Amino acid sequence: SSTAETYARATSGISGDGFVSKWYDQSGNDNHATQGTPASQPTIVDGGTLVSGGNKFDGTNDFLTFPDTFLSGSFAISSVFNLQDRSKSNNTLFGYSNSGNFIRYQGTNRLGIKINGAESFINSTLANNTDYVMSITRDASNLVSLYVDGSLMGSFTQSGLFSLDRIGVFSESSSYFLKGTVTETLIYPSDESDKRRAIEENIGSTY
């Protein structure tokens, strides 16, 4: 669970934009997501109005960086996100700067998960400007399952290290930027399959 630290930059009159320099990790582990470059900071206030849906990424150069997260065994990820351009070929939700690990929405009809250099695609047609709860779990048998709004989209078997340290981009120099918003993100270095539904209902009812 996270909160954002913002600053305002006036554009005209009393209206202005607010940008996220730090998205606080509320787990107590200080895994804050940060961005020190103003041009690459996601927006939280747009023209004096709070952005609906949390941190807004522009699809061009916005991203946040958090400490390296190495998921070598079972894991669970749940996130609330919203795409503003589903036709964009590489809407990256989460990624890693130094290897081919990421979660992205490719084009108009499928989610891709790349773990340890091997990417698997799962058909999932998402609408523009719609909030979704996505969960990805990997259990002790290396079965990776992807859920959207509580419904299983598909599963595949994939082992190996799944590393993450970016929200909104695969790497700083790529074109794999997210155009949309990310409201909430939970990452567990353990199998939370039994609790997945409760986690989704909790963040779904909140947002």
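**Rings and cores in a predicted model**

Phe75 and Phe162 are both buried. Keep in mind as we go that this is a predicted model. Let us start with these two residues and work outwards.

A pair of aromatic rings is described by the distance of the centres and the angle of the planes. For Phe75 and Phe162, the centres are 5.2 Å apart and the planes make an angle of 35 degrees, a tilted arrangement. Now look at where the two partners sit along the chain. Phe75 belongs to strand E8 (residues 75-83) and Phe162 to strand E16 (residues 162-167), so their pairing ties together parts that are 87 residues apart in sequence.

Strand E8 takes part in another pair as well, through Phe81, whose partner Tyr132 lies in strand E13 (residues 131-138). Here the ring centres are 6.1 Å apart and the planes stand at 35 degrees, so this pair is tilted. It joins parts that are 51 residues apart in sequence. Are Phe81 and Tyr132 buried or exposed? Phe81 has a relative accessible area of 1%, which means it is buried. Tyr132, at 10%, is buried because its value is under the 20% cut-off.

In the whole model there are seven aromatic pairs. Ring pairs also link Phe102, Phe170 and Tyr176 into a cluster. Rings can have charged company too: the charged end of Arg110 sits over the ring of Phe121, 3.7 Å from the centre of that ring. Likewise, the charged end of Arg196 sits over the ring of Tyr147, at 3.6 Å from its centre.

Next, the nonpolar cores. In soluble globular proteins, nonpolar side chains tend to be buried together. In this model the largest nonpolar core has 33 residues, and Phe162 is among those with the most contacts inside it, along with Ile103, Ile113, Met134, Ile136 and Ile167. Which strand gives the most to this core? That is E8, with four residues. A second, separate core has five residues, including Val80, Val133, Leu186 and Ile203. To see the surroundings of one core residue, find Ile136: beyond residues up to four places away in sequence, Ile136 touches Phe75, Ala76, Ile77, Ile103, Ile113, Val144, Ser145 and Leu146.

Finally, turn to Thr34, which is in strand E3 (residues 33-34). Thr34 has a relative accessible area of 33%, so it counts as partly exposed. Apart from neighbours within four places in sequence, Thr34 is in contact with Ser21, Lys22, Leu64 and Thr65. From Thr34 to Asn123, C-alpha to C-alpha, the distance in space is 32 Å, and the two are 89 residues apart in sequence.

Key:
Residues are numbered from 1 along each chain as its sequence is written. This is a predicted model: local features need pLDDT of at least 70, side-chain atom pairs count only at pLDDT 80 or more; totals for chains, interfaces and linings use all residues. Side-chain values use heavy atoms; hydrogens and water are left out. Rings of Phe, Tyr and Trp (its six-membered ring) pair if their centres lie within 6.5 Å; planes under 30 degrees apart count as stacked, over 60 as edge-to-face and the rest as tilted. Helices (H or I, at least four residues) and strands (E, at least two) are DSSP runs, numbered from the N terminus. Buried means under 20% relative accessible area, exposed over 50%, partly exposed in between (1.4 Å probe, protein chains only). A charge sits over a ring if NZ of Lys or CZ of Arg is within 6 Å of the ring centre and within 35 degrees of the ring normal. Contact means heavy atoms within 4.5 Å. A nonpolar core is a set of buried Ala, Val, Leu, Ile, Met, Phe, Trp, Tyr and Cys residues joined through side-chain atoms within 4.5 Å.
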